[in-house]
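Q: I am new to this structure. Please take one part of it and walk me through that part closely.

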Amino acid sequence: MRRHLILATGALTLSMFVAATAAQAPQGAPPGGAPGAGAPQGRPGGPPGGPPGGGPPGGGPPGGGGRGRGPQTPPLIMTSTAWEDGGVIPDKYTQKGGAMAPNPALSFSQVPMGTVTFALIMHDPEPSVPAKSAKGDVTHWLIWNIPGTSTGLPEGVMQGDLPDGSKQQSLRGQGYMGPGAPAGPYHHYTFTLYALDTKLDVMPSQNAADTRAALLTAMEGHVLGKAVLVARFHQ
């Protein structure tokens with residue numbers, strides 16, 4: 001009789017222990033405490049297995065949705081078949097061959113979308129005589145309102161206003177003035193091309209330096225792209 005009572009008491013105690021253990025186990029978790037389908041992973045807002053804070057897999061910034069900055073706009077490019085950037089410009093395009101030397105052909109590529117006109121400024125930043133312009137150097141060529149559909153400038157552009165609406169000026173006239181540095185260190189003649197989203201309401205003035213200053217002011221806030229080509233020269 002006493003043996004049966006002990007067995008019954010043991011069975012009752014075991015049943016109460018199992019019931020208590022089941023009541024304390026989290027819902028949806030399998031026995032043993034291993035993570036199951038109901039166990040959350042990561043912080044709120046993140047996909048299962050994602051990084052803390054809900055960021056995209058792969059370590060992207062939180063809340064970025066995997067979006068980056070996108071492809072960068074390729075830079076405007078200006079080249080010439082007459083010389084390589086930083087090289088010596090042929091005598092044909094300099095004052096060594098005469099005051100009316102033709103301009104070199106120039107090519108434009110990777111033109112930004114929305115370009116309405118181009119403006120080109122050529123100057124010598126190392127004048128061998130006292131500065132003749134407000135910029136402290138010599139203005140060798142200004143040509144602006146070049147149509148945005150242009151792919152470049154041909155060799156020997158005629159002087160003055162052009163049929164396509166382009167206007168020109170230089171220190172000595174209404175068109176290209178070739179390099180003329182004397183013997184000594186090379187001068188670095190700099191051609192700077194601007195792609196613009198507008199047409200410039202600028203007229204040639206009596207002084208090329210004033211016209212250049214007016215162009216730079218008018219271009220402010222309208223530059224879509226810029227390219228530079230440098231030519232070296234001395235006598």
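A: A residue counts as buried when its relative accessible area is under 20%. Keep that cut-off in mind. The model is a predicted one.

Start with Thr139. Thr139 has 2% relative accessibility, so it counts as buried. It sits in strand E4, which covers residues 138-147. The side chain of Thr139 makes a polar contact of 3.4 Å with the side chain of Arg212. Arg212 is one of the buried residues of helix H2. That contact leads us to the helix.

H2 runs over residues 208-219. Its 12 residues, at 1.5 Å each, should span 16 Å. The end C-alpha atoms are 16 Å apart, so the expected and the modelled span agree.

Now look at both ends. At the N-terminal end, Asn207 acts as the cap of H2. A side-chain oxygen of Asn207 lies 2.7 Å from the backbone nitrogen of Ala209. After the helix comes Gly221. The phi of Gly221 is positive, near 85 degrees.

Next, the sides of the helix. Buried in H2 are Ala208, Ala209, Thr211, Arg212, Leu215 and Met219. Viewed down the helix axis, these residues fall within an arc of 160 degrees, so they line one face of H2. What do the buried residues of H2 pack against? They pack against five strands by name: E3 (117-124), E4, E6 (167-169), E7 (187-196) and E8 (223-233).

Some of these strands also feed a core. The largest nonpolar core has 26 residues. Met78, Leu106, Leu120, Trp141, Leu153, Phe191 and Leu193 touch the most other members. At least two residues of this core come from each of E2, E3, E4, E7 and E8. Apart from this core lies another, of 10 residues. Met219 belongs to that other core, as do Ala119, Trp144 and Tyr194. Met219 is also one of the buried residues of H2.

Phe191 deserves a closer look. Setting aside neighbours within four places in sequence, its contacts include Met78, Trp83, Leu106, Leu120, Tyr176 and Val228.

Last, a sheet. Three strands form an open sheet in the order E1-E2-E5, and their pairing is antiparallel. E1 (77-79) and E5 (152-153) are the edge strands, each with a single partner, so one side of each has no neighbour in the sheet. E1 pairs with E2 (residues 106-109) over 3 bridges. Thr79 stands opposite Ser107 of E2.

Note on methods
Residues are numbered from 1 along each chain as its sequence is written. This is a predicted model: local features need pLDDT of at least 70, side-chain atom pairs count only at pLDDT 80 or more; totals for chains, interfaces and linings use all residues. Side-chain values use heavy atoms; hydrogens and water are left out. Helices (H or I, at least four residues) and strands (E, at least two) are DSSP runs, numbered from the N terminus. Buried means under 20% relative accessible area, exposed over 50%, partly exposed in between (1.4 Å probe, protein chains only). A polar contact is a pair of N or O atoms within 3.5 Å; within protein, one must be able to donate a hydrogen and the other to accept it, and residues adjacent in sequence count only if both atoms are side-chain atoms. The expected span of a helix is 1.5 Å times one less than its number of residues. The arc is that of the directions from the helix axis to the C-beta atoms. Contact means heavy atoms within 4.5 Å. Two strands pair if DSSP finds at least two bridges between them. A nonpolar core is a set of buried Ala, Val, Leu, Ile, Met, Phe, Trp, Tyr and Cys residues joined through side-chain atoms within 4.5 Å.
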